[in-house]
Amino acid sequence: MAELFAYTDGACSGNPGPGGWGAVLVARDGDEILKERELSGGEPATTNNRMELMAAIAALEALERPSRLTVVTDSAYLRDGVMRWIHGWKRNGWRTADRKPVKNEDLWRRLDAVAGRHEVAWDWVKGHAGHPENERADALARAGMAPFRPERAAG
């Protein structure tokens, strides 16, 4: 039986600054890859955390029907947000434990809505540690950022 994975990553040049996100969707049957799809994008002025969120959102929004999948990220912010913090934020009216507004609330709400259409498991891998799909997602994120980098625009 095929398993679906979304490997996601975000990148930012400066924080804030130009940023990009990347995702690799992979359908596997054991070690056999049945289908792959690469996604990327970027923004001229953003943060790394926003790009990490956008990578996961884009991967989940790209799925045409409700699916069971594992999202693999190297972002502790994304992992902790979806697995630990979001439930309290929602309960507290999108406020943190110390009653401050949740940063990136717009994207957290969007992620919560799209994740709710799927059966999602969340997995974390160490970034820049040679994990092939994570490295591909990182390259896609850097490519998504490239059009917005100043040295690119000057040329």
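Long-range contacts dominate the count in this predicted model. Residues 24 or more positions apart account for 66% of the contacts in the protein chain with a separation of 6 or more; contact means heavy atoms within 4.5 Å. Residues are numbered from 1 along each chain as its sequence is written. Local features need pLDDT of at least 70, side-chain atom pairs count only at pLDDT 80 or more, totals for chains, interfaces and linings use all residues, and side-chain values use heavy atoms, with hydrogens and water left out.

The protein chain has five helices and five strands. Both are DSSP runs numbered from the N terminus: helices are H or I of at least four residues, strands are E of at least two. The order from the N terminus is β-β-β-α-β-α-α-β-α-α. The radius of gyration, taken over C-alpha atoms, is 16 Å. The globule rule (2.2 Å times the number of residues to the power 0.38) gives 15 Å for 155 residues, so the chain is as compact as a globular protein of that length. Along the principal axes, the C-alpha atoms fill a box of roughly 45 × 45 × 30 Å.

Buried residues make up 46% of the 155 residues. Buried means under 20% relative accessible area, exposed over 50%, and partly exposed in between, with a 1.4 Å probe and protein chains only. The chain exposes about 8400 Å², with areas from the Shrake-Rupley method and a 1.4 Å probe. Carbon and sulfur atoms supply 49% of that surface.

Helix α2 (residues 76-91) meets helix α3 (residues 105-115). Their axes come within 11 Å and cross at roughly 90°. The axes are lines fitted to C-alpha atoms over the stretch in contact, and angles run from 0 to 180 degrees between N-to-C directions. The two helices are therefore roughly perpendicular; that class spans 65 to 115 degrees, while under 35 is roughly parallel, over 145 roughly antiparallel and the rest oblique. On the α2 side, the contact is made by Y77, L78, G81, V82, I86, W89 and K90. W108, L111 and D112 contribute from α3. These residues divide into seven nonpolar, one polar and two charged. Ala, Val, Leu, Ile, Met, Phe, Trp, Tyr, Cys and Pro count as nonpolar, Asp, Glu, Lys and Arg as charged, and the others, Gly among them, as polar.

The loop between α2 and α3 holds R99 and N104. Most residues other than glycine have a negative phi. R99 has a positive phi of about 70°, and N104 one of about 65°. R99 is exposed at 52% relative accessibility. N104 is buried, at 17%. A further backbone feature lies in the loop between β1 (3-12) and β2 (17-29), where P16 is placed. The peptide bond joining N15 and P16 is cis, with omega about 15°. Most peptide bonds are trans.

Two buried positions illustrate the contacts between distant parts of the sequence. G22 lies in strand β2 and has 0% relative accessibility. Counting only residues over four places away in sequence, G22 touches Y7, T8, D9, L39, S40, A55, A137, L140 and A141. The C-alpha atoms of G22 and A56, 34 residues apart along the chain, are separated by 8.7 Å. D74 sits in the loop between β4 (68-73) and α2, and is buried at 14%. With residues up to four places away left out, D74 touches T8, D9, E52, W124, V125, K126, G127 and N134. The C-alpha atoms of D74 and G10 are 9.1 Å apart, across 64 residues of chain.
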